[in-house]
Amino acid sequence: MTYKDFVKEIAVQSKTTERPLAIDDIRMVFDLTREVLIDALNKGESVTIRDFIKFETKTRKGRMINVVNTDKQAYIPDTIVAKAVLSENFKNEVKKVCEK
């Protein structure tokens with residue numbers, strides 16, 4: 001499912017209100033969510049959406065590597081990467097659906 005398909009599906013399922021949500025409104029919410037996540041992670045904070053996912057940063061330790069097809073070595077410095085961990089409740093819900 002692409003981002004576009006995801007946004008359309010949310011618009012379709014939002015008809016429980018008096019009027020369905022506009023696709024542009026849904027896009028705005030996702031874009032703002034992304035910006036807030038990036039800002040928080042850049043500050044070193046973790047972001048938890050309870051019963052769904054936790055976003056955090058992780059530092060990969062620098063290391064020496066052997067360059068392929070040469071006798072040389074290169075140093076890869078410490079790298080900060082984003083990490084996402086799904087909640088156990090979310091994993092269990094997906095597992096239930098997949099087992100049917």
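**Entry 1: ground rules**

I count helices (H or I, at least four residues) and strands (E, at least two) as DSSP runs, numbered from the N terminus. With that in hand, I place Ile10 in helix α1. I am working on a predicted model, where local features need pLDDT of at least 70 and side-chain atom pairs count only at pLDDT 80 or more, while totals for chains, interfaces and linings use all residues. Residues are numbered from 1 along each chain as its sequence is written, and side-chain values use heavy atoms, with hydrogens and water left out.

**Entry 2: the whole chain**

I looked up the elements of the protein chain and found 3 helices and 5 strands. Read from the N terminus, their order is α-α-β-β-β-β-β-α.

Next I checked the overall dimensions. The radius of gyration, taken over C-alpha atoms, is 20 Å for the protein chain, whereas a compact globule of 100 residues would come out near 13 Å. The globule rule I used is 2.2 Å times the number of residues to the power 0.38. Along the principal axes, the C-alpha atoms fill a box of roughly 65 × 35 × 30 Å.

How much of the chain is buried? I found that buried residues make up 12% of the 100 residues. Here buried means under 20% relative accessible area, exposed means over 50%, and partly exposed lies in between (1.4 Å probe, protein chains only).

I also noted an accessible surface of about 8700 Å², with 55% of it belonging to carbon and sulfur atoms. These areas come from the Shrake-Rupley method with a 1.4 Å probe, and for residues only the protein chains shown count as cover.

For contacts (heavy atoms within 4.5 Å), I took pairs of residues at least 6 apart in sequence; of these contacts, 32% join residues at least 24 apart.

**Entry 3: Ile10 and Gln13 in helix α1**

Back to Ile10, which is partly exposed at a relative accessible area of 30%. Which residues is Ile10 in contact with, leaving aside its neighbours within four places in sequence? I found Ile26 and Phe30. I also took the C-alpha to C-alpha distance from Ile10 to Val81: 29 Å in space, for residues 71 apart in sequence.

Gln13 belongs to helix α1 too, which spans residues 3-13. I have Gln13 down as exposed, with a relative accessible area of 55%. From Gln13 to Lys96 the C-alpha separation is 21 Å, with their positions 83 residues apart along the chain.

**Entry 4: charges and salt bridges**

I compared the mean positions of the 19 positive and 16 negative charges and got 5 Å between them. Lys and Arg count as positive and Asp and Glu as negative, while His and the chain ends are not counted. I placed each charge at NZ of Lys, CZ of Arg, CG of Asp or CD of Glu.

I then listed 5 salt bridges in the structure, each being a side-chain nitrogen of Lys or Arg within 4 Å of a carboxyl oxygen of Asp or Glu. One of them joins Glu56 and Lys54, at 3.5 Å from N to O. Glu56 also forms a salt bridge with Lys83, with the closest N and O atoms 3.8 Å apart. Lys83 sits in strand β5 (residues 79-86) and Glu56 in strand β2 (residues 53-60), so this pair ties together parts that are 27 residues apart in sequence. Both lysines are partly exposed: Lys54 has a relative accessible area of 32%, and Lys83 has 35%.

My next pair was Glu88 and Lys91, whose closest N and O atoms are 3.5 Å apart in a salt bridge. Both lie in helix α3 (residues 88-99), 3 residues apart, or about one turn of the helix. Glu88 counts as exposed at 52% relative accessibility, and Lys91 as partly exposed at 38%. Turning to shared partners, I found that salt bridges join Lys54, Glu56 and Lys83 into one network.

**Entry 5: loops**

Most residues other than glycine have a negative phi. I therefore jotted down Asp51, not a glycine, with a positive phi of about 60°. Asp51 is in the loop between β1 (47-49) and β2, and is partly exposed at 45% relative accessible area.

Asn69 is likewise not a glycine and has a positive phi of about 65°. I found Asn69 in the loop between β3 (63-66) and β4 (73-76), exposed at a relative accessible area of 78%.

Asp71 also lies in the loop between β3 and β4. With a relative accessible area of 84%, Asp71 is exposed. My last distance was between the C-alpha atoms of Asp71 and Val7: 51 Å, at 64 residues apart along the chain.
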